[in-house]
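Hi,

Here is the structure I promised to pass on. My notes follow below it.

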Amino acid sequence: MALVRCWAVGIVVLVVSEYVQMTLVYGPLVGPRGVGSFGAALALVHLPNLVCVVLATWAAARVHPEPWRRMPGRHLAAACAAPAAAQVLLLSLRPGVLDPAGPALWMSTGVLLAGCAVGLLLDRLVWTS
């Protein structure tokens with residue numbers, strides 16, 4: 001039950017933060033035409049996504065209860081399952097992103113890995129202090 005609570009918190013935080021990102025950043029600044037350069041994609045898509053993944057991972061890790069927090073594999077599954085599931089869902093809904101030669105797959109995977117790592121680091125820093 002503890003894992004389900006962590007996953008639910010992670011999903012809620014991810015959905016709310018992605019909604020805020022889409023309405024405040026992506027919609028007004030990017031528009032329907034998309035981004036024109038790698039720098040614009042990094043600044044307007046990938047960095048805001050990184051913030052969303054960090055927040056979701058951190059929130060899910062924060063609600064993971066104490067007896068199971070000390071088990072690294074279980075804590076990792078509790079904290080990172082929601083962002084990882086969102087990544088799998090994105091890749092299944094947009095098969096054009098699956099091109100291994102394209103930068104979108106590698107950037108979104110890098111954002112997922114970095115966001116989970118930073119979220120877990122934030123949890124560790126707050127938990128030990």
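A quick definition before the notes: a surface patch is built from residues with over 30% relative accessible area and no salt bridge, and nonpolar side chains are joined within 5 Å. Please also keep in mind that this is a predicted model.

**The nonpolar patch**

Met1, Val4, Trp7, Ile11 and Val15 form a nonpolar patch on the surface. Its area is about 540 Å². Val4 belongs to helix α1, which covers residues 2–29. The relative accessible area of Val4 is 45%, so Val4 passes the over 30% cut-off for patches. On the burial scale, Val4 is partly exposed.

**The annotated spans**

The UniProt record is an unreviewed entry. Its "transmembrane region" annotation covers residues 7–26, 38–61, 73–93 and 105–127. I looked at two of these spans in the model. Residues 73–93 are 100% helix and 0% strand, with the end C-alpha atoms 28 Å apart. Residues 105–127 are also 100% helix and 0% strand. There the end C-alpha atoms lie 33 Å apart.

**Helix α5**

Helix α5 runs over residues 103–128 and has 26 residues. From first C-alpha to last, α5 reaches 37 Å. That is close to the 38 Å expected at 1.5 Å a residue. Which residues of α5 are buried? They are Leu105, Ser108, Val111, Leu112, Gly115, Cys116, Gly119 and Asp123. These buried residues pack against α2 (38–62), α3 (66–69) and α4.

**His75**

His75 sits in helix α4, residues 72–93. Is His75 buried or exposed? Its relative accessibility is 7%, under the 20% limit, so His75 counts as buried. Setting aside neighbours within four places in sequence, His75 is in contact with Ala61, His64, Trp68, Arg69, Leu120 and Asp123. Asp123 is also one of the buried residues of α5.

**Val51**

Val51 is part of helix α2. With a relative accessible area of 48%, Val51 is partly exposed. Val51 and Ala114 are 63 residues apart along the chain. Their C-alpha atoms are separated by 10.0 Å.

**Arg70**

Arg70 is in the loop between α3 and α4. Why does Arg70 count as exposed? Its relative accessible area is 67%, and exposed means over 50%. Arg70 and Pro95 are 25 residues apart in sequence. In space they are 37 Å apart, C-alpha to C-alpha.

Best wishes

Methods:
Residues numbered from 1 in each chain as written. Predicted model: local features only at pLDDT ≥ 70, side-chain atom pairs only at ≥ 80, totals over all residues. Heavy atoms only, no water. Patch = residues over 30% accessible without salt bridge, like charges linked within 9 Å, V, L, I, M, F, W, Y side chains within 5 Å. Areas by Shrake-Rupley, 256 points an atom, 1.4 Å probe, with all protein chains shown as cover. Salt bridge = Lys/Arg side-chain N within 4 Å of Asp/Glu carboxyl O. Helix = DSSP H or I, 4+ residues; strand = E, 2+ residues; numbered from the N terminus. Buried < 20%, exposed > 50% of the residue type's maximum accessible area, 1.4 Å probe, protein only. Contact = heavy atoms within 4.5 Å. UniProt positions renumbered as here; feature names shortened; annotations may be inferred. Expected span 1.5 Å × (residues − 1).
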